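Got your viewer open? Let's walk through this structure one selection at a time.

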Amino acid sequence: MTRSTVSVPDARPDARIVDGLSPAIDLVAAAAPPSHRFLRRQWFAAALTAYGGVARTVTVARGDAPVAALPLVPLGPGILRLGQVPGCYWPFRSLPVAADATPAEFDTLLATTGRAVRGFRLGPIYDGDPALTGLLAAAGRAGWRAMPRFVADSFLLDIAAVQAEGAWPRGSTLKKNRFHEKHLASHGALDWSFVSGGDWNAAAFDALATVEERSWIAERTDGSDAKFTGEGHGAFWRTAAADPVIAGMLWAAVLRIDGVPAAFSFDLNAGHLKYAIANSYDPAFAKHSPGRLLYYRNLVQGMADGITLVDWGAGDSGYKRVIGAQQGPAIRDWLFLQPGLPALIGRLLRRRWSASGQ
């Protein structure tokens, strides 16, 4: 007796829209590429704390395993039914997606999102981001309109590449740094330290805020772009650090002179990749380049810890190329709009949207 075989089609991905920030976000983040594992539930909760909004989450699962989680908060007037992915501008705004997410799962994610909103903003986000790539392909298949606006070019320091060209940092750089350190020490005792993991507390963030309050940011701007002050984005980082996993990725190098914070470099370490998020220093010591001295020490420590690539983020005021950084992927904002009237309106407004980038 012969036994016939019946092919069973793969189960359709399970998709849901839930109120609030779904616990599934953490499960998806753990399955994401190392570069995106900071996109945890507390990361988005920190955005709600700092910037406001009431969230919903679109989740897609493969069996019992969540493979995508798209948090959304309202964007613009409620009648428009638009949303945006919450988060922080640094290093970027994205959503967690499992490294092995399939096109069918992205299709399900986009289709389900269309039940919650008519369109949504994603970004600023890098060209080539896994979530962006999957959503763009799904949008093309489903007839959604995806509209970009350019924000900036990124700059990357490939440590392995610069080391292949010879010793790095160069001997001449280290000699110059020793000269500046000698003269900087005339202002008081120098203390170089690092903060990460369980070291993050109110005092640690206050030290970074102290430097910013004395820096050019406070002097030349309204202070709203400061990362750690109450007037700036301090609430975000302090709230995000309540998650021990995120706190373990946050990293700061701090220079104190006679016990007073004088400079810092603040990063997010994701596997072998370091996102350089903020650097600042007290201009009272500017003559002796405390920021330069600190970030070179920081990079040397990063190399010892296994960092092979540094993402310096948007733009270059000059110092990034000097240390060997090269232009990387573009950073853009994206607006995804449903087929039909939303996509048609988007077509009419695409030039205005594109021109509104920075």
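Start with two helices: helix 6 passes helix 11 in a left-handed crossing. Keep in mind as you look around that this is a predicted model.

**Stop 1: the helix pair**

Select residues 171–184 for helix 6 and residues 290–304 for helix 11. Their axes lie 10 Å apart, and the packing angle is about 125 degrees. An angle like that makes helix 6 oblique to helix 11. Want to see who is touching whom? On helix 6, show T173, K176, N177, H180, E181 and L184. Then add their counterparts in the contact, which are P290, R292, L293, Y296 and R297 of helix 11.

**Stop 2: the sheet**

Now switch to a cartoon view and look for the strands. They include an open sheet of 12 strands with mixed pairing, in the order 1-2-3-4-5-12-6-11-10-9-8-7. Which strands sit at the edges? Select 14–19 for strand 1 and 190–196 for strand 7: each of these pairs on one side only. From one strand to the next, the twist averages 25 degrees.

Next, pick out helix 7, residues 202–214, which packs on the sheet. Helix 7 touches strand 7, strand 8 (250–257), strand 9 (260–270) and strand 10 (273–281). Compare directions too: helix 7 makes about 115 degrees with strand 9.

**Stop 3: strand 8 and its neighbours**

Stay with strand 8 for a moment. Is strand 8 mostly buried or mostly out in the open? Of its 8 residues, 7 are buried, so strand 8 is largely enclosed by the rest of the structure.

Look to one side and you'll find strand 7, which runs antiparallel to strand 8 and is joined to it by 7 bridges. Click L190 and you'll see it stands opposite I257 of strand 8. Strand 8 also pairs with strand 9, again in the antiparallel sense, over 8 bridges. Here, A252 faces F266 of strand 9 across the pairing. Strand 8 and strand 9 form a hairpin with 2 residues between the strands, and D258 there takes a positive phi near 50 degrees.

While you have strands on screen, a general tip: in a regular strand, side chains alternate between the two faces of the sheet.

**Stop 4: strands 3 and 4**

Jump to residues 65–75, strand 3, and residues 82–84, strand 4. These two run antiparallel and are joined by 3 bridges. Click P74, then find its bridge partner, G83, in strand 4.

**Stop 5: a helix with two sides**

Select residues 24–31, which make up helix 1. Which residues of helix 1 are buried? They are A24, I25, V28 and A29. These residues cover an arc of only 140 degrees around the axis, which puts them on the same side of helix 1. Turn to the face pointing away from that buried side and you'll meet the exposed residues L27 and A30. What covers the buried residues includes helix 2 (41–51), strand 2 (56–62) and strand 3.

**Last stop: Q326**

Finally, click Q326, which belongs to strand 12, residues 326–337. Is Q326 buried or exposed? Its relative accessibility is 52%, so Q326 counts as exposed. Leaving aside residues up to four places away in sequence, Q326 touches S154, F155 and L156. Now draw a distance from Q326 to D64: their C-alpha atoms are separated by 42 Å, and the two residues are 262 residues apart along the chain.

Conventions:
Residues are numbered from 1 along each chain as its sequence is written. This is a predicted model: local features need pLDDT of at least 70, side-chain atom pairs count only at pLDDT 80 or more; totals for chains, interfaces and linings use all residues. Side-chain values use heavy atoms; hydrogens and water are left out. Two strands pair if DSSP finds at least two bridges between them. Helices (H or I, at least four residues) and strands (E, at least two) are DSSP runs, numbered from the N terminus. Axes are lines fitted to C-alpha atoms, for helices over the stretch in contact, and angles run from 0 to 180 degrees between N-to-C directions. Contact means heavy atoms within 4.5 Å. Buried means under 20% relative accessible area, exposed over 50%, partly exposed in between (1.4 Å probe, protein chains only). The arc is that of the directions from the helix axis to the C-beta atoms. Angles under 35 degrees count as roughly parallel, over 145 as roughly antiparallel, 65 to 115 as roughly perpendicular and the rest as oblique. A crossing is left-handed if the near helix is turned anticlockwise from the far one by less than a right angle, and right-handed if clockwise.
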